[in-house]
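Thanks for coming, everyone. I would like to walk you through one chain today, so please have a look at the sequence and the model before I begin.

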Amino acid sequence: EMAARAGSKRAAEQEESGKGSKSSPSKKKPRPLEQVSKFGGMTEEEVCKMLLPDHLKPGLDIVFIGINPGLYSAYLGHHYCNANNHFWPCLYESGLVPKKLTYKEDAEALDYGIGLTNIVPRTTRGANELSRKEIREWSKVMIERMKELSPLVACFNGKGIYELFSGKKCVVGLQQETLPDTDTVVYVMPSTSGRAATYPRRVDKLKFFNEVKELRDDLKRKRQTEGVVASGAVTSPEMPGSRGLPGSPSEDGLEPTAADRQQACTVGVSQSKSIESSRESDASTCTGTHNSVIPNVAL
């Protein structure tokens with residue numbers, strides 16, 4: 001009888017112990033995760049309906065071209081606004097702009113001859129949501145816009161972006177082909193995203209921005225030289241490197257190249273010989289008051 005009572009007591013204690021473990025507060029049920037939106041309460045579907053404004057105008061030096069707006073850029077309304085993107089630091093460190101700009105001042109890039117746009121205007125979570133047909137159709141639209149705006153350089157921000165645009169493989173750097181049906185030079189740089197695998201660091205990307213700046217400066221010198229030649233401007237032979245000739249410093253402070261200086265010297269010598277020849281001819285055929293005539297030399 002005593003053994004039976006002891007067994008019953010142990011059974012009762014075990015039952016109570018089991019109840020206690022089931023109701024123990026040590027293992028709380030996880031609370032449902034709160035849905036916190038980084039888009040001010042907007043859903044991704046709503047953000048995808050937003051558009052990112054272009055910053056373009058005629059006669060720009062460089063137009064940077066992306067593939068299409070991401071969610072964050074569309075939501076904020078600015079280009080390259082992700083904190084991990086190296087676009088804005090590299091733009092300043094390369095000397096393409098004289099002051100530090102952030103994504104909030106992206107419209108100010110126009111003041112320094114730099115434009116910003118994308119091939120496809122539609123906002124998506126990722127570029128993989130774009131169809132090839134969509135990219136081809138919007139590429140045609142972009143080419144027509146570049147024809148109207150005539151920038152010196154079209155810089156594609158990402159090797160994959162240009163390959164989608166052109167439909168062929170490429171290497172980063174200056175491309176042999178211009179934009180179709182334009183004189184706009186094409187440069188392809190690695191993506192400025194911090195997640196780019198090949199060039200993940202900012203210093204890795206800076207060299208490409210430096211190359212773009214050199215390309216811009218060379219093209220501006222060439223355009224200025226062609227403008228002087230087209231105008232038929234003549235400089236004094238005593239100053240074969242004066243302003244207006246290829247060997248002179250330009251108004252924007254660009255230094256002449258060795259080829260420019262050589263061309264300036266050649267032009268100056270040609271002018272001197274032409275003027276001397278004209279003076280000798282006038283002296284042998286004219287009497288009375290002598291009027292020196294400087295020939296209209298084509299540069």
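Let me start with a question: how many disulfides does the count come to? What we are looking at is a predicted model, and in this model the count comes to 0 disulfides. As a reminder, a disulfide is a covalent bond that joins the sulfur atoms of two cysteines. Two cysteines can still be placed with respect to the surface: C90 counts as buried, since its relative accessibility is 0%, and C170 is buried as well, with a relative accessible area of 9%.

Now to the overall layout. The chain has 8 helices and 5 strands, and, read from the N terminus on, its elements follow the order α-α-β-α-α-β-α-β-α-β-β-α-α. The chain has 299 residues, of which 38% count as buried.

Let me turn to the charged side chains, where the structure holds 17 salt bridges. One of them is formed by R125 and E44, whose closest N and O atoms are 2.7 Å apart. This pair links distant parts of the chain, because R125 lies in the loop between strand 2 (114-118) and helix 5, whereas E44 is in helix 2, and the two are 81 residues apart. As for their surroundings, R125 counts as partly exposed at 42% relative accessibility, and E44 is also partly exposed, with a relative accessible area of 34%. The pair does not stand alone, for E44, E45, R125 and E129 are linked in a network of salt bridges.

A second bridge is formed by D181 and K147, and here the closest N and O atoms are 3.7 Å apart. D181 lies in the loop between strand 4 (173-178) and strand 5 (185-189), while K147 belongs to helix 5, so the pair ties together parts that are 34 residues apart in sequence. Is D181 buried or exposed? At 66% relative accessibility, D181 counts as exposed, whereas K147, at 33%, counts as partly exposed.

A third bridge is found within one helix: the side chains of D217 and K213 meet at 3.0 Å, N to O, and both residues lie in helix 7 (residues 202-231), 4 residues apart, which is about one turn of the helix. With regard to accessibility, D217 counts as buried at 9%, and K213 is partly exposed, with a relative accessible area of 23%.

Helix 5 comes up again when we look at the surface. Which residues form a positive surface patch? They are R132, K133, R136 and K140. Of these, K140 has its place in helix 5, which covers residues 132-149, and K140 is exposed, with a relative accessible area of 58%.

Finally, a contact between positions that are separated in sequence. K57 is found in the loop between helix 2 (44-47) and strand 1 (62-66), and the C-alpha atoms of K57 and L110 are 7.6 Å apart in space, although the two residues are 53 residues apart in sequence. K57 itself is partly exposed, with a relative accessible area of 36%.

To draw this together, we have a predicted model with 0 disulfides and 17 salt bridges, among them the R125 and E44 pair that links distant parts of the chain. I am happy to take questions.

Conventions: Residues are numbered from 1 along each chain as its sequence is written. This is a predicted model: local features need pLDDT of at least 70, side-chain atom pairs count only at pLDDT 80 or more; totals for chains, interfaces and linings use all residues. Side-chain values use heavy atoms; hydrogens and water are left out. Patches are made of residues with over 30% relative accessible area and no salt bridge: like charges are joined within 9 Å, nonpolar side chains (Val, Leu, Ile, Met, Phe, Trp, Tyr) within 5 Å. Accessible areas come from the Shrake-Rupley method with a 1.4 Å probe; for residues, only the protein chains shown count as cover. A salt bridge is a side-chain nitrogen of Lys or Arg within 4 Å of a carboxyl oxygen of Asp or Glu. Lys and Arg count as positive and Asp and Glu as negative; His and the chain ends are not counted. The place of a charge is taken as NZ of Lys, CZ of Arg, CG of Asp or CD of Glu. Buried means under 20% relative accessible area, exposed over 50%, partly exposed in between (1.4 Å probe, protein chains only). A disulfide is a pair of cysteine sulfur atoms within 2.5 Å.
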